[in-house]
Amino acid sequence: MSSGRCAACRYLRRRCTQDCILSPYFPSNNPQRFVSVHRIYGASNVTKLLQRLPTHLRAEAADSLYFEAQCRLEDPVYGCVGLIFLLQQQIHSAESQLIKTQAEIAVMKSQTQHPQTRPFRAISGSNNLLLQQSDNDANLSFSNQVSSGFI
């Protein structure tokens with residue numbers, strides 16, 4: 001048992017040759033990396049996949065296989081797709097918040113450019129900023145009607 005075996009050959013209890021296709025991507029100091037990939041894909045499938053790829057793409061493929069295997073072990077149903085969906089939801093939420101903030105900035109800029117227009121009062125909630133502006137409009141028109149004797 002030589003200590004020069006890669007994690008894959010050590011796990012599979014076989015001799016690690018000089019031309020072992022798995023040794024550059026599954027070093028002996030990180031055996032869990034190969035164990036995860038082996039559980040999901042199997043050693044034979046990983047070997048075949050790496051052999052079919054050009055040498056310069058193999059490292060990225062091994063990293064991708066490891067990431068996807070880890071995700072699948074953590075979430076057997078959705079795997080990395082669940083993580084991708086969660087990240088897409090976060091992006092959508094951030095984009096929505098950005099649009100709301102840009103609208104608030106536009107309202108505030110218009111208020112500073114035209115100070116003689118309606119008074120503006122900000123609310124602590126980001127969704128209610130434009131609603132508060134329309135409420136202010138309604139209160140002003142109501143107060144004008146009361147003072148002029150319409151009601």
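**Close-up views of a predicted model**

**View A. Four side chains make a nonpolar patch on the surface.** Phe67, Leu83, Leu86 and Leu87 together form a nonpolar surface patch of about 340 Å². As in every view here, the model shown is predicted. Helix α5, which spans residues 80–113, gives the patch its largest share, with three residues. Leu87 is a good place to start looking: this residue is found in helix α5. Its relative accessible area is 41%, so Leu87 ranks as partly exposed.

**View B. Asp63 and Arg33 form a salt bridge.** How many salt bridges does the structure hold? There is one, and Asp63 forms it with Arg33. The closest N and O atoms of the two are 2.5 Å apart. Asp63 sits in helix α4 (residues 55–74) and Arg33 in helix α2 (residues 31–41), so the bridge ties together parts that lie 30 residues apart in sequence. Is Arg33 buried or exposed? Arg33 has a relative accessibility of 11% and therefore counts as buried, because the cut-off for that class is under 20%. Asp63, at 43% relative accessibility, counts as partly exposed.

**View C. Tyr11 and Phe34 meet edge-to-face.** This is where to turn for aromatic contacts, as the structure holds two aromatic pairs. In the pair of Tyr11 and Phe34, the ring centres are 5.8 Å apart and the planes stand at 65°, so the arrangement is edge-to-face. Tyr11 belongs to helix α1 (residues 7–12) and Phe34 to helix α2, so this pair ties together parts that are 23 residues apart in sequence. What is the relative accessible area of Tyr11? The value is 40%, which means that Tyr11 is partly exposed. Phe34, by contrast, has 0% relative accessibility and so counts as buried.

**View D. Phe26 and Phe34 are paired edge-to-face.** Stay with Phe34, which counts as buried at 0% relative accessibility, and look at its contact with Phe26. The centres of the Phe26 and Phe34 rings lie 5.4 Å apart with their planes at 75°, so this pair is edge-to-face. Both of these residues, Phe26 and Phe34, are buried.

**View E. Three rings join in one aromatic cluster.** Which residues form the aromatic cluster? Tyr11, Phe26 and Phe34 do, as one cluster. Within this group, Phe26 and Phe34 are both buried, whereas Tyr11 is partly exposed with a relative accessible area of 40%.

Note on methods: Residues numbered from 1 in each chain as written. Predicted model: local features only at pLDDT ≥ 70, side-chain atom pairs only at ≥ 80, totals over all residues. Heavy atoms only, no water. Patch = residues over 30% accessible without salt bridge, like charges linked within 9 Å, V, L, I, M, F, W, Y side chains within 5 Å. Areas by Shrake-Rupley, 256 points an atom, 1.4 Å probe, with all protein chains shown as cover. Helix = DSSP H or I, 4+ residues; strand = E, 2+ residues; numbered from the N terminus. Buried < 20%, exposed > 50% of the residue type's maximum accessible area, 1.4 Å probe, protein only. Phe/Tyr/Trp six-rings, centres within 6.5 Å; stacked < 30°, edge-to-face > 60°.
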